[in-house]
Amino acid sequence: MRKPRILLADDHRMVTEGLRGLLEPDYHLVGIVEDGRALLEAADRLMPDVVVADVSMPLLNGIEAVRQIKKNNPSIAVVFLTMHLDVAYAASALEAGASGYVLKHSASSELLTAIACALKKQTYITPMLAGELLNYRLNRPQGETEDGLARLTVRQREVLQLIAEGRSVKEAATVLGISTRTVEFHKYSMMEALGLKNSAELMRFAVEHGIK
């Protein structure tokens, strides 16, 4: 019988090695990646049944990576395994298309349950956040997006993360394969769209929205 195919994305090697031991008896672990851009490439190439990803990753955060994965390959299910006990992160994860949200310090059985649910096209949210998440979504003002980033394009969010990581315009351009002039254009377009006056305010926005 074919084992479901799992792709892991986490920049902490100890975490992924621990997950390998947990998952390999029942799943086929097709790959491990350590940043969000590598996750995009691996998801396209390996076509796993389920991606297990962290929220905070270098180059491209997990939530933005999953937005792009679900757009290109909607059949791939995603479960977030994260340290972020924050209902706003969980809401953003679901909005991005995730099927599960589990905390790293929870029992390993929770992750296995979330993966099993994802394979059945069901959703699993850690009980520590489930009730709070329901209230958050019910009480959010009508028309307000869950992650506060809807005014930005995909490319702008990619540029924003690299800037928030402290990369120079030249470094960001190299990572994204675009010109420095284009990076500057996206930077100032973001500030205009968000009503921000300078780079410091843009950095503050990034921190407040978990872009790092």
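**View 1. Lys104 and Asp10 meet in a salt bridge.** The closest N and O atoms of Lys104 and Asp10 are 2.8 Å apart. Lys104 lies in the loop between S5 and H5, while Asp10 lies in the loop between S1 and helix H1 (13-23), so the pair ties together parts that are 94 residues apart in sequence. Asp10 is buried, with a relative accessible area of 4%, whereas Lys104, at 25%, counts as partly exposed. As you explore this and the other views, please keep in mind that the model is predicted.

**View 2. Six strands form an open, parallel sheet.** Follow the strands across the sheet and you will meet them in the order S2-S1-S3-S4-S5-S6. Which strands stand at the edges? They are strand S2 (28-33) and strand S6 (124-125), and each has a single partner strand, so one side of each is left without a neighbour in the sheet. Strand S1 (residues 5-9) runs parallel to S2, and five bridges join the two. For a landmark in this pair, look for Leu7, which stands opposite Gly31 in S2.

**View 3. Helix H5 lies across five strands of the sheet.** Helix H5 covers residues 108-119. The strands it lies across are S1, strand S3 (50-53), strand S4 (77-82), strand S5 (100-103) and S6. Relative to S4, helix H5 runs at about 165 degrees.

**View 4. Arg2 and Asp49 form a salt bridge.** Here the closest N and O atoms are 2.9 Å apart. Arg2 lies in the segment before S1 and Asp49 in the loop between H2 and S3, so this pair ties together parts that are 47 residues apart in sequence. Arg2 counts as exposed, at 56% relative accessibility, while Asp49 is partly exposed at 23%. A search of the whole structure finds 13 salt bridges, and the bridge between Arg2 and Asp49 is a friendly place to start looking.

**View 5. Two loop residues, Met47 and Leu59, have positive phi values although neither is a glycine.** Met47 is found in the loop between helix H2 (36-46) and S3, and its phi is about 45 degrees. Leu59 sits in the loop between S3 and helix H3 (62-72), with a phi near 70 degrees. Is each residue buried or exposed? Met47 counts as partly exposed, at 35% relative accessibility, whereas Leu59 is buried, with a relative accessible area of 17%.

**View 6. Lys187 is buried yet has no salt bridge.** You can find Lys187 in helix H9 (residues 180-194). The nearest side chain of opposite charge belongs to Glu184, 4.7 Å away, and a salt bridge would need the charged atoms within 4 Å. What does the side chain of Lys187 make a polar contact with? Its partner is the side chain of Ser199, at 3.0 Å. Leaving aside residues up to four places away in sequence, Lys187 touches Ile163, Ser199 and Leu202.

**View 7. Glu165 and Arg167 meet through their side chains in a salt bridge.** The N to O distance in this bridge is 3.1 Å. Glu165 is partly exposed, at 28% relative accessibility, and Arg167 is partly exposed too, with a relative accessible area of 31%. Elsewhere, Glu64, Arg67, Glu95 and Arg157 are joined into one network by salt bridges that share partners.

Conventions
Residues numbered from 1 in each chain as written. Predicted model: local features only at pLDDT ≥ 70, side-chain atom pairs only at ≥ 80, totals over all residues. Heavy atoms only, no water. Pairing = 2+ DSSP bridges. Helix = DSSP H or I, 4+ residues; strand = E, 2+ residues; numbered from the N terminus. Contact = heavy atoms within 4.5 Å. Axes fitted to C-alpha atoms, helices over the stretch in contact; angles between N-to-C directions. Buried < 20%, exposed > 50% of the residue type's maximum accessible area, 1.4 Å probe, protein only. Lys, Arg positive; Asp, Glu negative; His and termini not counted. Polar contact = N/O pair within 3.5 Å; in protein donor to acceptor, adjacent residues only side chain to side chain.
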